[in-house]
Structures are given as C-alpha cells and as structure tokens.
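Me: Could you take a close look at one part of this model for me? I'd like to hear how the helices sit on the sheet there, and how the strands are put together.

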Amino acid sequence: MNAEPLRKILAFEREKGYDDSAVFGGLNKFLINWSEQTAESISNPKTLSSFRKLFKADYAAMTVEQRKEWIASVLDFLDKPEGAAGVSEETETKKVTPKARKRSSPRHRKTKTAESVKGLDLPVTAVKGISTALAGKFGKMGVKTVRDLLYFFPHRHLDYSRLKSISQLVAGEEQTIIASVWQAQETRPGGRRSTEAIVGDETGNIRVVWFNQPYLAKKLTTNSRIILSGRVSLFKGRHVFQSPEWEMVESQDYVHTGRLVPVYSLTQGLRPRQVRKLMKGFVDLWAWQVEDFMPRELIKRLDFLELPQAISQAHYPDDENTKDRARRRLAFDELFILQLGVMEKKREWKESRPGTSFNVPHELLNTFTESLSFKLTSAQEKTLAEILADLEKSEPMSRLLQGEVGSGKTVVATAALLVAAANDHQGAFMAPTEILAEQHFATICELLSRVGREEGEEYLRTYTGILPRPLRVVLLIGDIRQSGKRQLQKAIASGEVDIIIGTHALLQKGVEFPRLGLVIVDEQHRFGVEQRSALRGKGFSPHMLVMTATPIPRTLALTLYGDLDLSVIDELPPGRQTVKTKWLQPGQMASACAFIRKQVAEGHQAFIICPLIEESEAIAAQAAVVEYERLSQEVFTDLRLGLLHGRLSGEEKDSVMESFRNRELDILVSTPVIEVGVDVPNATVMMVESADRFGLSQLHQFRGRVGRGQAQSYCMLIAENPSELGRERLDIIENTQDGFKLAEEDLKLRGPGEFFGTRQSGLPDLRMARLSDKALLELARKEAIALFEKDPDMVQEEHHLLAREVARVWPETGEMS
C-alpha cells in the first residue's frame, strides 16, 4: 500500500497548524480507511503490531501538542526501513506515487517524448477490489484509468443526512433513522424470497421489507443497531420502509446511509451498493495522489477548494454547501483549461504560419452586390466588412460566422470566394452532407450567373465576364462516377478550378489544391477539429471561415470556439415570413392531421418529427418505423409518405430527401436526424410529436425546415402533460421567432452539457461544467485571458503543473496546426 497519500495529508495538516482540517470531516475518517486497507498488506507480524498500535489513536480527541507528537511518530515510523517496507509491499506495477514529470509548456509539447506511466494513468485494475472482469464493466462507461475513476462523478446525490425518530416519519419522503432490530426473518411475499424486520427506537416501531434479499435475515441479529435510509410508504395505514439502504451503526464512516449518498451511472453487472462501497474506499485513498495544477494565488483569490478535496467532496460531500463548492472548483478547471487550449491553438495558427494577404477587388464586389435581387442587410454588410479586413491581413483568418437560416450567410461566403478567385487563389466550401453540398452549389452558381455568363455541365460550371479570365466552379461529391471524379480532381490539381464545393470528399488524398487560399466550413459542429486541420493542411495556411445556423449565445460561442473570431448576422432580410407556431394537446391530433391533409391538397408538403424516446438510435428508429406504419396505414392512407431515421445509410437518407425535394412524397416522417439546412421550399407544415422532450434550440431548428417558400408556413407542437419546464419551453417558442433569444433561454433552462455536445466539436468532454453557468464561463475566460497575457508560454514556475495539465487534456490529435 502506498504511503504517499498519508504523507501528503499529514504535511498539509502540519501546514494548517494541527487543526484537524486537512480532510473534510476530520482526519479520523481517512486514517481508519487507510490503516484498515494498509494493514492487510503488511505480512511482518512485528511491523503489523507496531502499525496497529500507532493507528489506534483518536486524532480528533487529541490536544494540538499530542497531534504534533503523533504526526511526528507516524512520519518517523514511515521513514524507518521496516515501516517503509511494511507499507510498500505491493508490486512495481501497482505503485502509484506520481513521479517527477518533465516540465513543458503547451508551445513546446510537440517535442515531448512519451513519458513513463504515472500512477493516475495506470489501468483501473491497479485499484484494490477491481478485477479484470469489473474493469471491463467500468470500461463500457469510458472508465479505463485510475484518473478516469477519480473523475467518474455521481450524477446526483440522495439526501439521507437528515436523521428522524420513527414517530416523525412521513410517507413519500427520503428519510433516515437509527433503530434497534427487534426481529428479522425470511418471508416470501408474492413468492419472492425476502427479508422482513421490525425495528424500533424510543418513539415507536416500524416494519422494514427487503425484497429478493433473504440473506439479510441472518445478518440482522436481534438487538443490533442499524441505520436505515430510504423512502417511507404507507401499507394498510401503517408506515413501512421498502428496500431501504442500511448499515450497522458500528460503521465508523457511513457509505450508503445517514449522509448525502452518491448515485453513480451503472451498466449491466454493476450494483449501486457495490459501486458506492468501492468508490468510497478508492476516493479516500487515491484523491490525495492528484497534484493541484492550479496556481496557488488563483486558488486563494477565488476561494476554491484544493483539488484533492474537491474530488473527494464531489463523490462523498459532507453537506450541500461543500458539494456545491466542489462542483464549482471542478467545473472551473474544465472551462479554464478549455479556454487555455483554444487560445493556444488560435495563437499557434496565427503566429506559426504567415497567411496570404488578398487585395480586395471593391469594384467586382460592388458589381456582385448590385446584381442581387435584394439589398444586403446592415448585419450582412458589417459581417462582410469584418471578413474582408481579415482577408487583407497576412495572418490567416480564423472566423466563426453565425446566422439564422435565411439570414444570408451564403451570399457573404460567395463574396469571400470571389475575393480569393480575384487574387488567383482557390476557395474550398465544405458542407456536412451531399444534399447540402448540392444545395450550396446550386445557390452559389445562381448568384454568379447574375454577374457573368454561365456555361458548363452538371458538376462543373464556367463563368465569363466576372474576372479577366474564366471563373470555374466545381461540385465534388461521392455520387459522381469514378471517371468523372478523376477528371474533376485533375482540374482542381492543375489549378483550373477556382471554387470547389463538396463534403468530406474534399479531405480525400486524391484531392490536391495547388493554390488553396480560403476554406469555408458550413455547420461547423458537424465536423471535428481534425477534419478542419486536414483541410487547412491542403494549402499553405489558407484563411478559414466557419459558418453555423445554430444560434449559440456569445459567451458560449467564445468558450467553445475561442480559437475563432466571432461575426453574427443577427438580422433577417425584410419580408422574411414568420412561421405560425402553435402548441396543441394530443386530443387535437386529429385536427392537426386534417390540417396537414388540407395543405397537401393545396400542393404543399409536410414534415412529421417522431420523439426521441430513448437515447438509443436503434430504439428511436424502431419507434419511427412504428409511427410511420400507423400514419401510412391508418391516417394518411391515400398520401405518399417517406421515412428518415438515423439507422439508414447516407445513400438511403439522401435518396429519401431527394424524393421529398422532387415532390415524389407528400409527408416525410423523421426522427430528429432531419438535416440542418435542407431546403424544401414547398414544405409548409412541421409537426413535432412529444415536443416537450426537445430543447428550444432543437425545436427552432425543426421550425426552420419550413417557411422557405412564398406560402405561409406552420409549426404544430404536440405535447401531452408537459412538465413545468416543458410547458415553459413550449410557451417561449410559441411566442419567439428569434433563434438567439431562444438559445439564451435554452441555456437557462437546460442542464449540464445538454445544450451543445462538445464530443463532435473536437473539444475536451465536460464532466462537471454546466454550459448554462454564464458567470462561471465568463470567469474562466477572464482568468484564462489574464494568465495568457502574463505568461503565454506558461514557463513561470507556478504555471508548470498547469502547462502539463493543458498538454494532457489537449492531445496533439486535437491541434489545428
């Protein structure tokens, strides 16, 4: 057993003046756990005897002087050869003392060699009590190392801390009592072998039943003292505990009862009681292995818990206040390191490679904007000016362009592509799906045909009269037959093509860009950082413009996209129609279907979104199939229905969408996979079933699928008995069309990480941070900027551990360079 955690805690206790505050709840709790587990690994009888005698002490009851002497004795014992050997008898592979690591700043992390395995990076099998089989079960939940297990936080806590007497118990609440067991016996209610007990205190008795746990009858001996925590119910007018958590009062430190009890995520083969017991012993011993990487000055100034204490209290808090302080510290760590990482990437990208500065052809741009059938909004003009200012610089542009569906992002993007072409550079435009790539190709070609004369074929168009030479635009998608694709790739490689529009196909090895000067990525959150890097790598540091129609509040955008400058088109073109939105009860379903039938009779089309009942895509697809069959066989028997769900292949999805766009289908039944940005101007109705299950931003995205043509469009939200939160969401979306306002409301209403998943964006996962916590987001950003200005390379002594943590969290694969 490793003595390092004990040394650290005792050193910390000495620093604090022996006031029994090095560990929350007092040192006794830690000492009992540590000494019990350590004693098992000492084989020398003499050493074991000395060890037991020394650790019998009650630290809490000692005077300051006695504590001072006792700590000196323990450290003296650990320093003796027999003492050190006694408590360090485990094999080399299980040693967990963190070794000194090479100091390095994120700037220089590329030169780092692989370091030796450290304690926290050992597999979970290094933890006492975790077998290979158990490790496999934890592995299914993403827990593979000791560090993963320390950060495997409970998703909530049950409050079993409020002790009551039996006479004070009320039905329907979680409560805790301490009582004596009067009798316990095995019973068989409904044929299930169970245990029934009568327990009592000075105020009365209560019946307790544990279903399917007959073994407890032998454990609960008469007159033994027991602590029970759980929900009290009424049976035949009397109070009864049904399957409560229990522990014997002799326990020095409660795990399952009498406290804030953690509720961990589980997988098949893991039981709550088993995981809690394992985690309690593990956290008490291992949390103290973690080095606090945060600068001391910052911890003190922001009044944060020390990292080992925060981890320990996040699992087994002493009270609600300490639990909140632990969450705040751990959430700040995540957001702070996220900020430092994205700021580092932004600087690396801008400083490490000079970009190509473009001359802005103002006359050409004026001709282009004057050819449009509409006037640019002031928001479009402001955004275009920001982009043009970036393109004139020698450092490569790195900009996020946010704008609602229909706000005119594509027009701004086309202007930027024209600037690149006028400077004899190529522009690449990447969309997440083939349908969207085709849509952008059609839109850009239509815009260019207003300025110049169009010639060409299906996938390659040529325009004359725009530049002194012909301007060529190509669409490169997987659909194109191989021979045609090779021809297009050859044209791109020879530099004959100016604007290339496509999907992931643009990342393939066969596509070479000799003069890539500008990269535009649409719907950024669909692409990982690595894909962005691969595209940038095709040219010598091209300018980069990322576009998204997903409204992201500014604070959140700066956190998740801190490596990008921010532009927002927050104004829709005049005359843009409002989609009439109505929340309906399930009883109004028949009239909603009649309304859809009427719209179809008038030559329009409709979307019907099925609820995502389960997180599982397979179950959601199954539910969609059932609903599709019900609608086509019972409700819309004479109409043409199509089905779209996440289990279909890309080709199948594209085929269904193509049929819908070509008006070969009247109604499209879909799970929430319906593609962002898909343009079907003839669709006028969006009906969302179980709408209260979706967030505001998602409902707004669904609504954005209609209202793209001239005809008035409608969004019908069906919701049965929505919760108070669901009702609030539905009220807001009924009365608000502004996506940014909705996004702000969504952040206030939703829980941790729900609003915007970071996994797909190539950013570190957030375990504890809530993206709705605007104040903490802003604090983390402010502190990261201050540190970055003071010590950008993190070379100062107090930032060495932080630099190492940033390098660990942001692996090289996530870099943009």
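Reply: Let's start with helix α14, residues 378–391, which lies across β9 (398–403), β15 (516–522), β16 (543–548) and β17. Against β17, α14 runs at about 155 degrees. Keep in mind that this is a predicted model.

Helix α15 (residues 409–422) packs on the sheet as well, and the strands it touches are β9, β10 (426–430), β13, β14, β15, β16 and β17. If you take the direction of α15 against that of β15, you get about 170 degrees.

Now for the sheet under those helices. It is an open one of nine strands, and walking across it you meet β11-β12-β13-β14-β10-β15-β16-β9-β17, with mixed pairing. At the edges stand β11 (453–456) and β17 (565–569); each has a single partner strand, so one side of each is left without a neighbour in the sheet. On average, and with direction ignored, neighbouring strands here are turned by 20 degrees against each other.

Zoom in on one pair: β13 (residues 471–476) and β14 (residues 499–502) run in the parallel sense, joined over four bridges. Within that pairing, V474 sits opposite I500 in β14. Both β13 and β14 are among the strands that α15 touches.

For context, there's another sheet further along the chain. This open sheet has six strands in the order β18-β23-β22-β19-β21-β20, and its pairing is parallel. Its edge strands are β18 (580–584) and β20 (641–644), each pairing on one side only. From one strand to the next, the twist averages 15 degrees.

Inside this six-stranded sheet, β22 (residues 683–688) and β23 (residues 714–718) pair in the parallel sense, again over four bridges. Here M687 stands opposite M716 in β23. Helix α23 (residues 696–703) packs on the sheet and touches β18, β19 (605–609), β22 and β23, with its direction at about 150 degrees to that of β22. Helix α24 (residues 724–735) packs there too, touching β18 and β23, and its direction makes about 155 degrees with that of β18.

One helix pair rounds this off. The axes of α1 (residues 4–15) and α4 (residues 64–79) come within 11 Å and cross at roughly 150 degrees, which makes α1 roughly antiparallel to α4. The crossing is left-handed. From α1, the residues involved are L6, R7, L10, E13 and R14, and they meet W70, I71, V74, L75, L78 and D79 in α4. Sorted by class, that contact has seven nonpolar, no polar and four charged residues.

Key: Residues numbered from 1 in each chain as written. Predicted model: local features only at pLDDT ≥ 70, side-chain atom pairs only at ≥ 80, totals over all residues. Heavy atoms only, no water. Pairing = 2+ DSSP bridges. Helix = DSSP H or I, 4+ residues; strand = E, 2+ residues; numbered from the N terminus. Axes fitted to C-alpha atoms, helices over the stretch in contact; angles between N-to-C directions. Contact = heavy atoms within 4.5 Å. Parallel < 35°, antiparallel > 145°, perpendicular 65-115°, else oblique. Left-handed = near helix turned anticlockwise from the far one by under 90°. Nonpolar A, V, L, I, M, F, W, Y, C, P; charged D, E, K, R; others polar.
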